[in-house]
2 protein chains.
Amino acid sequence: MQRRIYTFIGGSKGMWRVTRISPVTGVDLLAVGWVDLVNEDIRALPAGAQWLLRGVTSYERYTNQREKEQLSALQPPLGRPEATCAALIPIKKSAAWWQLPQDERRAIFESRSSHIAASLKYLPAIARRLHHSHDLGEPFDFLTWFEYAPEHADSFEELVQKLRATEEWRHVVREVDIRLVRNVPARRE
Amino acid sequence: MQRRIYTFIGGSKGMWRVTRISPVTGVDLLAVGWVDLVNEDIRALPAGAQWLLRGVTSYERYTNQREKEQLSALQPPLGRPEATCAALIPIKKSAAWWQLPQDERRAIFESRSSHIAASLKYLPAIARRLHHSHDLGEPFDFLTWFEYAPEHADSFEELVQKLRATEEWRHVVREVDIRLVRNVPARRE
């Protein structure tokens, strides 16, 4: 039993209402009104759904000891009642990226793009869960899910723009930006 | 379509005949006469099969630039006609291992256990393909497949014993060692 797997179902129902779907790089996703997020491995498109995106939470690929401690001290849980805004940002990196050795990927990711250091400044306002899809044969490599209160929407925008301007992002070959608002009261995870 | 996925099917047919299945740590696998290795995602146990193990080839988690160059220069392909012996070694690491930050896992894996450096000495005699299973919800985290000629059987034994004596291996909570011989002529991959 795979307990770390999540499926995002884009369709006509769910806890999250879509306010915007924007293609950032490469092929867009079909427009949908709602996203349902379930902690299950769903493979058959449910009635009324347009797409499914699957990913698993997993061990850290780049985070070092010091960064892990900083993140643990600051990162908030998902499901905070005030965090009624969300973003689902699926990205795919190039084949050349995945061919790079680990030290070079780490150097681009953090030494030269400050992915973790830049993100830390937005904690604890922005909650985040990373889902890995690369090894599942999915169309994207990562599905990142963010939750934040409406008053932090500008900060979130700033974070997203900062990351997109990094060297790391030159390796992103497909990205879609989906923004949502919560439709039903939060349950803490 | 997932093209990097492989399924090892333990049962009554296949290209590889089992000569030995030994539990090394933790729960054993059921005894089978043959292993069939297919480049497909098989989820339903075929008639006559006792078990299925699935894994994907993937990007390198620890290998640095220099090591990658050394490995690329030396590692042989699978399917060499003379490599009629094989080993399938599924291992699972502890939950505590997967909680370690990346730099600490790398330090244990290479700085303190010399996993890559020790293995390099056995190239090009021993061909190897690593399959990742951790994120697939499988019972093991890795399925490593080795192929070698009968005259390198002692070298392979030495490599396996060296690795099992490392600090890295203290984090292995389940390991099975399956040895096989090829039943039909090789096809180069």
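Below is a working chat about how chains A and B of a predicted model meet, and about some backbone details in both.

Trainee: Before we start, what should I keep in mind about the numbering and the model?
Mentor: Residues are numbered from 1 along each chain as its sequence is written, chains are lettered from A and ligands numbered from 1 in the order in which they are written, and side-chain values use heavy atoms, with hydrogens and water left out. Because this is a predicted model, local features need pLDDT of at least 70 and side-chain atom pairs count only at pLDDT 80 or more, while totals for chains, interfaces and linings use all residues.

Trainee: OK, how many residues does each chain bring to the contact?
Mentor: Chain A contributes 24 residues and chain B contributes 24 residues, where contact means heavy atoms within 4.5 Å.

Trainee: And what area is buried there?
Mentor: About 2,300 Å² is buried between chain B and chain A, with carbon and sulfur atoms giving 44% of it; buried area here is the accessible area (1.4 Å probe) that two parts lose on being put together, summed over both. On the chain B side, the most area is lost to chain A by B:Tyr59, B:Gln102 and B:Asp135, which together make up 29% of what that side buries.

Trainee: How many salt bridges are there between the chains?
Mentor: There are four salt bridges between chain B and chain A, counted when a side-chain nitrogen of Lys or Arg is within 4 Å of a carboxyl oxygen of Asp or Glu. One of them joins the side chains of A:Asp135 and B:Arg61, at 2.9 Å from N to O.

Trainee: Which elements of chain B give two or more residues to that side?
Mentor: They are α1 (65-74), α2 (95-99) and α3 (102-112) of chain B, with helices taken as DSSP runs (H or I, at least four residues) and strands likewise (E, at least two), numbered from the N terminus. The largest share, three residues, comes from α3(B).

Trainee: What does α3 of chain A pack against?
Mentor: Its buried residues pack against α1 (65-74), α2 (95-99) and α4 (115-120) of chain A together with α3 of chain B. Among the buried residues of α3(A) are A:Arg105, A:Ile108 and A:Phe109, buried meaning under 20% relative accessible area, exposed over 50% and partly exposed in between (1.4 Å probe, protein chains only).

Trainee: Switching to the backbone, where is the cis peptide bond in chain A?
Mentor: A cis peptide bond joins A:Leu123 and A:Pro124, with omega about 0 degrees, and A:Pro124 is found in the loop between α4 and β6 (127-132) of chain A. In chain B, a cis peptide bond joins B:Leu123 and B:Pro124, where omega is also about 0 degrees.

Trainee: What about phi of A:Ser114?
Mentor: Phi of A:Ser114 is near 50 degrees, a positive value in a residue other than glycine, and A:Ser114 sits in the loop between α3 and α4 of chain A. Most residues other than glycine have a negative phi, and most peptide bonds are trans. A:Ser114 is partly exposed, with a relative accessible area of 30%, and B:Ser114, partly exposed at 29%, has a phi near 50 degrees as well.

Trainee: Last one, what rotation superposes chain B on chain A?
Mentor: A rotation of 180 degrees with 0.0 Å of shift along its axis does so, at an RMSD of 0.0 Å, which is the relation of a two-fold axis; the superposition is by least squares on the C-alpha atoms of residues with pLDDT of at least 70 in both copies. The copies meet through the same surface, because 100% of the interface residues of chain B are also interface residues in chain A.
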